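Here is a short set of questions and answers for a newcomer. Each answer sets a value beside the rule it is judged by.

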Number of protein chains: 2
Amino acid sequence: MPTKTFFNLADEKKNKVIEISISLFAERGYTKTQITEIVKKADIAKGSFYQYFDDKNDLFKYILNKAIKVKEDYIKKELKSLEGEQNFFRYWKGLNKANINFALENLNLARVLRNVYKIKNFELFKIIKRDYEKQGTDLIKKWLIIAIKNDEIKSDINIGYIAHLLYTANCFIIDYLLENEEIDTQNKIDPYANKIVEIIGNGLKNSRKKEG
Amino acid sequence: MPTKTFFNLADEKKNKVIEISISLFAERGYTKTQITEIVKKADIAKGSFYQYFDDKNDLFKYILNKAIKVKEDYIKKELKSLEGEQNFFRYWKGLNKANINFALENLNLARVLRNVYKIKNFELFKIIKRDYEKQGTDLIKKWLIIAIKNDEIKSDINIGYIAHLLYTANCFIIDYLLENEEIDTQNKIDPYANKIVEIIGNGLKNSRKKEG
DNA sequence: TATTCATGTGACTTGTTATTCATATTATAA
DNA sequence: TTATAATATGAATAACAAGTCACATGAATA
């Protein structure tokens, strides 16, 4: 956790440090981001940095948690608007939409999250990563179980596998978005995401049942 | 390129260095793999290492190219056995099979490749990575075009997107395999991979045409 | 204004790891 | 056997980046 001193800082200064850190972590990942560069860009002294944060890790965890919270808010908002909905695919589509909106409106935060996801052998983040992924797949699993009960989806699937596949399909869309910066508008990414949802959705659908 | 001295080495010694490097790069990725550890495990002197390789990068590129070559061999072999085949899905299944076999039989080489794929901001590897991905998607694109001509696949798809999706679905299977070491046999990974091929395949199929 | 507390500072220390180099050993050829 | 080339060695160096610290400045209160 950042120190009291950091939170006492004038908003402008505080946000400058945060924004610069986010953009560096997003661009270079954890290891290659240097405190030296952060302080230079934020125009503060090295010593000051260590008055604000215990160490590099402290800063990173702070930003990571920020990213997770912001993303969760997007998902919560979307789920609220889906309340009462019975159709699995609309749920999954909603989850995709929330994730895409989060990424579009917070490109660098989304990049920080994806970098953590891809990181290797970082004991500290392994737990965060696992929790984070579990949260995503658990939600899908819950929906899948209901969808199978409702005969909406074929029952000959392994729920764990498929939840993982659907989760990954979503990550894939986000990656595509983050790696192809030219795709920065809803107009371009939406048809793309919908196509994927449609393709995988068609493959999953219980063909014995007509669409609802 | 490793030096003449390295290639002159007795096979046992040479392979020891290679194997240890592969397993360390696979386990820890490029940055966290230390020459000091390689040298210690391979039981050679630090100075010797620098008689064999220009630097750490030289070693890594050598191993990376080795991995690419080995993987290509698996694909070439599979493609040969598919010669004359007209069905898109059998091709795609074949590609999956080749990749899975490569990964199962060369776990660490596969991990090295996946690590490179996930690496950020490594100018040197960006080109290799891009080439490598282009190769994978180009193959799928070629098949997709034929499949659409044959009415095997719906025509309302963006070939670039879908090729990328199919390519990623494959990477997803490999990741799942590499991250869940307990899945180390053909028996366990095959039904899993087939399920994914089936799901996405069903979604892509032209429903106006009966299966061939 | 004097005292105290909070914040700012950047040269220095520490730790880490790639890379070098002067020297020793071993193999090869004459 | 001797000379020459090839290979081996590990302590020393270099480069880099995180984290510290003794001191400076500023703000708040009495």
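The turns below go through the helices, the pairing of the chains and the surfaces near the DNA.

Q: What kind of model is this?
A: This is a predicted model.

Q: What makes up chain A, in helices and strands?
A: Chain A has ten helices and zero strands. Along the sequence the pattern reads α-α-α-α-α-α-α-α-α-α. Its C-alpha atoms fill a box of roughly 65 × 35 × 30 Å along the principal axes.

Q: Why are α5(A) and α7(A) called roughly perpendicular?
A: Their axes cross at roughly 110° and come within 9 Å. Angles of 65 to 115 degrees count as roughly perpendicular. Therefore α5(A) and α7(A) are roughly perpendicular to each other. The crossing of α5(A) past α7(A) is left-handed.

Q: Which residues of α5(A) and α7(A) meet?
A: From α5(A) come I63(A), L64(A), A67(A), V70(A) and K71(A). They meet L109(A), V112(A), L113(A) and V116(A) of α7(A). By class, this contact has eight nonpolar residues, no polar ones and one charged. Lys counts as charged, and K71(A) is among the residues that meet here.

Q: How do you know that α5(B) is roughly perpendicular to α7(B)?
A: The axes of α5(B), residues 56-81, and α7(B) cross at roughly 110° and come within 9 Å. The range for roughly perpendicular is 65 to 115 degrees, so α5(B) is placed in that class relative to α7(B). The crossing of these helices is left-handed. On the α5(B) side, the contact is made by I63(B), L64(B), A67(B), V70(B) and K71(B). On the α7(B) side stand L109(B), V112(B), L113(B) and V116(B). This contact has eight nonpolar, no polar and one charged residues.

Q: What makes α2(B) oblique to α7(B)?
A: The two helices pack at an angle of about 45°, with their axes 8 Å apart. Roughly parallel needs an angle under 35 degrees, and roughly perpendicular needs 65 to 115. An angle of about 45° fits neither class, so α2(B) is oblique to α7(B). α2(B) passes α7(B) in a left-handed crossing.

Q: Which residues form the contact of α2(B) with α7(B)?
A: α2(B) brings I22(B), S23(B), F25(B), A26(B) and G29(B). They meet N108(B), L109(B), R111(B), V112(B) and N115(B) of α7(B). These residues divide into five nonpolar, four polar and one charged. Gly counts as polar, and G29(B) is one of the residues in this contact.

Q: Why are the two copies said to be related as by a two-fold rotation axis?
A: Two copies of a chain are related by a rotation about an axis and a shift along it. Here a turn of 179° and a shift of 0.1 Å along the axis lay chain B on chain A, with an RMSD of 0.1 Å. The two copies are thus related as by a two-fold rotation axis. In chain B, the C-alpha of G203(B) is nearest the axis, 2.1 Å from it.

Q: How do you know that the same surface serves both copies?
A: Of the contact residues of chain B, 96% recur in chain A.

Q: How many residues of chain B are in contact with chain A?
A: 25 residues of chain B are in contact with 25 residues of chain A. The elements of chain B that give two or more residues to this side are α2, α7, α9 and α10. α10(B) gives the most, with ten residues. By class, this side of chain B has ten nonpolar, nine polar and six charged residues.

Q: What makes a residue count as near DNA strand D, and how many surround it?
A: The C-beta atom, placed from the backbone, must lie within 6 Å of the strand. For DNA strand D, 16 residues surround it, and the closest are G47(A), D55(A), T5(B), A45(B) and G47(B). Two or more residues come from each of α3 and α4 of chain A and α1 and α4 of chain B. α4(B) gives the most, with four residues.

Q: Which residues are closest to DNA strand C?
A: The closest are T5(A), A45(A), G47(A), G47(B) and D55(B), among 16 residues that surround DNA strand C. α4(A) gives the most to this surface, with four residues. By class, the surface has four nonpolar, eight polar and four charged residues.

Technical notes: Residues are numbered from 1 along each chain as its sequence is written. Chains are lettered from A and ligands numbered from 1 in the order in which they are written. This is a predicted model: local features need pLDDT of at least 70, side-chain atom pairs count only at pLDDT 80 or more; totals for chains, interfaces and linings use all residues. Two residues are in contact if their C-beta atoms, placed from the backbone, lie within 7 Å. Axes are lines fitted to C-alpha atoms, for helices over the stretch in contact, and angles run from 0 to 180 degrees between N-to-C directions. Angles under 35 degrees count as roughly parallel, over 145 as roughly antiparallel, 65 to 115 as roughly perpendicular and the rest as oblique. A crossing is left-handed if the near helix is turned anticlockwise from the far one by less than a right angle, and right-handed if clockwise. Copies are superposed by least squares on the C-alpha atoms of residues with pLDDT of at least 70 in both.
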